[in-house]
Amino acid sequence: MNATEPSAAGSPSTAAASVADSVAASRTAATANAITAAAKGPALLQLQDIRKSYNLGLPNQAEVLHGVSLALAGGEFVALIGPSGSGKSTLLNLIGLLEKPSAGCYRIQGQETTGLDDTALTQLRARTLGFVFQFHHLLPAFTALENVTLPSLMREGQVSAQQLQRAREVLAAVGLEEAMDKKPSELSGGMQQRVAIARALVLRPPLVLADEPTGNLDTASSDEVFALMRRMHAELGTSFLIVTHDTRLAQRCDRVVELVDGQLLRDEVLKKG
Ligand SMILES: Nc1ncnc2c1ncn2[C@@H]1O[C@H](COP(=O)(O)OP(=O)(O)OP(=O)(O)O)[C@@H](O)[C@H]1O
Ligand SMILES: [Mg+2]
């Protein structure tokens, strides 16, 4: 619609005011939902007024997150949506302790993370977080089973018989009992992503962060991978925070959080837990 055309809401300035009102209302809703999530159970994570700038002190310095506050309770299944460049991956990487915020507070299971050194961050990450990315990042020379044992190897420096057994169980749980000894190149895209989900779950983290886990898959494989994450959430109680451009899948999550231009503009609970 042309800005000078009369709109249902009246003059352009009235329309602008109503947009501002709805943004303000959704921000209030976002805060209310964050509080609700925190009240639902012990907060799994709490971000308070998080800011992130890249290239600090350089002429091309840019702030990409402008004060994001968000709380997730244990056992949530949340979609993080928003336009390309709005800061979704940046926010997920901050939550995943892969990047540090420029300002603000971030607590995981009540522990403030912003002052921790790299060793403490690595330990906290290994204890609390699993990751699934758009491109599975499986090691091509290793079998599915070996890929799933990698988190144990990295955490402990070895893979115990118990951890090997656990890796087999998780692979069976994601429907890959027959494919454990296959290399990633011998598996379909959907199967590769199922291995990546098994790898994310093998150490039983309370939260899995997934950045466009179905972005590289056809519709049928996307549905299959999404259904698997829902099932793992139901069976294990693992929380999921999933970045997706697929509005169809986002609508099937329990809560949708929307970032626009580095700000949280919507936080909507679709299904009460
Ligand atoms: N390492 C970096 N250095 C400088 N700028 C960065 C860096 N990483 C991201 N940005 C900028 O931050 C903004 C947010 O990027 P981000 O990747 O978080 O967006 P996104 O919402 O995940 O986008 P998409 O949907 O395309 O994946 C973009 O303007 C991007 O160019
Ligand atoms: Mg991204």
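In the predicted model, strand β3 (residues 77-81) runs parallel to strand β8, and four bridges join the two. One point of contact in this pairing is Ala79, which stands opposite Ile242 of β8. Strand β8 also pairs with strand β7 (residues 207-211). This pairing is again in the parallel sense and spans five bridges. Within it, Leu209 has Leu241 of β8 as its bridge partner. The connection between β7 and β8 passes through helix α7 (residues 219-236). The resulting β-α-β crossover is right-handed.

Strand β8 itself covers residues 239-243 and is mostly covered. Five of its five residues are buried. Burial extends to both faces of the strand. On one side lie Ser239, Leu241 and Val243. On the other lie Phe240 and Ile242. Leu241, the partner of Leu209, and Ile242, which stands opposite Ala79, thus sit on opposite faces of β8, and both are buried.

The surroundings of ligand 1 were examined next. The shell includes Tyr54, Asn55 and Val64. Gly82 and Ser84 also belong to the shell, as do Gly85, Ser86 and Gly87. Lys88, Ser89 and Thr90 complete the list. Helix α2 (residues 88-95) supplies the largest share of this shell, with three residues. By residue class, the shell divides into eight polar residues, two nonpolar residues and one charged residue.

Note on methods:
Residues numbered from 1 in each chain as written. Chains lettered and ligands numbered in written order. Predicted model: local features only at pLDDT ≥ 70, side-chain atom pairs only at ≥ 80, totals over all residues. Near = placed C-beta within 6 Å. Nonpolar A, V, L, I, M, F, W, Y, C, P; charged D, E, K, R; others polar. Buried ≥ 20, exposed ≤ 12 C-beta atoms within 10 Å, placed from the backbone. Pairing = 2+ DSSP bridges. Right-handed = clockwise from strand over helix to strand, strands pointing away.
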